[in-house]
Amino acid sequence: MPALLTAVYDARPYDREALLGAPGATALAWRFHEFRLTAETAPSAGGAGAVCAFVNDALDRPCLEGLARAGVRLVALRCTGFNNVDLAAARALGLVVTRVPQYSPHAVAEHAVALLLALNRKIHRAYQRVRELNFSLHGLVGFDLHGKTAGIVGTGKIGRVAAQILRGFGMDVLAHDPAPQPEWAVAHGVTYVPLPELFRRSDVVSLHVPLTPETRHLIRHETLAELKPGVILLNVSRGALVDTTALIDGLKSGRLGGVGLDVYEEEEGIFFEDLSGQVLQDDELARLLTFPNVLITAHQAFLTREALADIARTTVANLTALATGQPLVAGSVLT
Ligand code: NAD
């Protein structure tokens, strides 16, 4: 019997290396594509029993219909979030969709903290300055995190790790989550409060919620007005949690002290690409890049060896299960 062929989209060298290095990968057949999976590119899945997709692949109904027509049976997402998949359409088409429900939460939480430390102590500016032999400290004053208040919105796997790291710095940590974890909060000295109180009291606000209709534009003009003036806002979760237009207004007015983003509302087609020789067409992203107190990374919070290995292990386990008729990985099945 020929090995199950998996077409991998938005595939970079580190994806290929991690997937091919996972247990069981050599028993499967692979086809790696650098381009994204969309309705237009779905026919390229022809001959594949499964596709492996990532955060910026657009798995809307037309794309899923294209995959079903091409004979695909399994969509294996190599990420946690699944806001880019029309699950109802997948179900109707009989496509199985899996994700990686859990991988190193430390990778993502540590990246949020890296953005915070760099922003607060102006490391991005100091690095450039010193390379130009400008050893002046003018404009580089930060503040002690110790004794300040951090607000963690969403205390799932990643939010809890972020809270614990910030507690380690001696910060007071407030949290908000519709499904709180009271025992964890007591054990780590974290206090759950209503969202408006978290916004009002926090010197640092970090978002760790999934993107859903309820959380879309969680940060918008009205909520920005509730934030403590000078707050540092961190978003390593999903771009559309933040209304970019409102964010720019908040930066221009000086209400926001700093913004660290690993995700951006309109990142599809921009993040993961080398556009260095081109004219940037996204005016809001271009504006964001002009602020000295904005630090943007291109959706790299997951990019540690440990997280990549975890992601590859679950993904290959699901592909192997499909190929051999075994049960899929517990907790990973979305449809
Ligand atoms: P999780 O499911 O473990 O936790 C999410 C938490 O958010 C849950 O506790 C849930 O109750 C809470 N929540 C839901 N709606 C909320 C709301 N309106 N207000 C407050 N809390 C709310 O997820 P996780 O593994 O911690 O991941 C969080 C998000 O991080 C993912 O959904 C994904 O979008 C993002 N992520 C980003 C990267 C990256 O590389 N930048 C990598 C992995 C995950």
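**Exercise 1. Work out how the ligand is held, starting from Asp262.**

Step 1. An N or O atom in the Asp262 side chain sits 3.0 Å from a nitrogen atom of the ligand. That is a polar contact, meaning a pair of N or O atoms within 3.5 Å; within protein, one must be able to donate a hydrogen and the other to accept it, and residues adjacent in sequence count only if both atoms are side-chain atoms.

Before going on: this is a predicted model, where local features need pLDDT of at least 70, side-chain atom pairs count only at pLDDT 80 or more, and totals for chains, interfaces and linings use all residues. Residues are numbered from 1 along each chain as its sequence is written, and side-chain values use heavy atoms, with hydrogens and water left out.

Step 2. Now try the backbone. Ile158 has a backbone N or O atom 2.9 Å from a ligand oxygen atom, and for Ser237 the corresponding distance is 3.5 Å.

Step 3. Check the cover. On its own the ligand exposes 870 Å², and the protein buries 84% of that (Shrake-Rupley method, 1.4 Å probe; for residues, only the protein chains shown count as cover).

Step 4. Look at the surroundings. There are 23 residues around the ligand, the closest being Tyr103, Lys157, Ile158, Asp177 and Val236 (a heavy atom within 4 Å counts as near).

**Exercise 2. Describe the largest nonpolar core and place Trp30 in it.**

Step 1. Get the term straight: a nonpolar core is a set of buried Ala, Val, Leu, Ile, Met, Phe, Trp, Tyr and Cys residues joined through side-chain atoms within 4.5 Å.

Step 2. The largest one has 78 residues, and Trp30 is one of those touching the most other members, along with Leu37, Val51, Leu59, Leu67 and Leu77. Helix α4 (residues 105-121) is the top contributor, with nine residues.

Step 3. Skip neighbours within four places in sequence, and Trp30 still contacts Leu5, Thr6, Val8, Leu19, Leu20, Ala25, Val316 and Leu319 (contact: heavy atoms within 4.5 Å).

**Exercise 3. Decide whether Lys228 is buried, exposed or partly exposed, and find its polar partner.**

Step 1. Lys228 is in the loop between α9 (221-226) and β10 (231-235).

Step 2. Its relative accessible area is 29%, so Lys228 counts as partly exposed; buried means under 20%, exposed over 50%, partly exposed in between (1.4 Å probe, protein chains only).

Step 3. Beyond four places in sequence, Lys228 touches Phe199, Arg200, Arg201, Ser202, Asp203 and Arg255. The partner is Asp203: a 3.0 Å polar contact joins the two side chains.

Terms used:
Helices (H or I, at least four residues) and strands (E, at least two) are DSSP runs, numbered from the N terminus.
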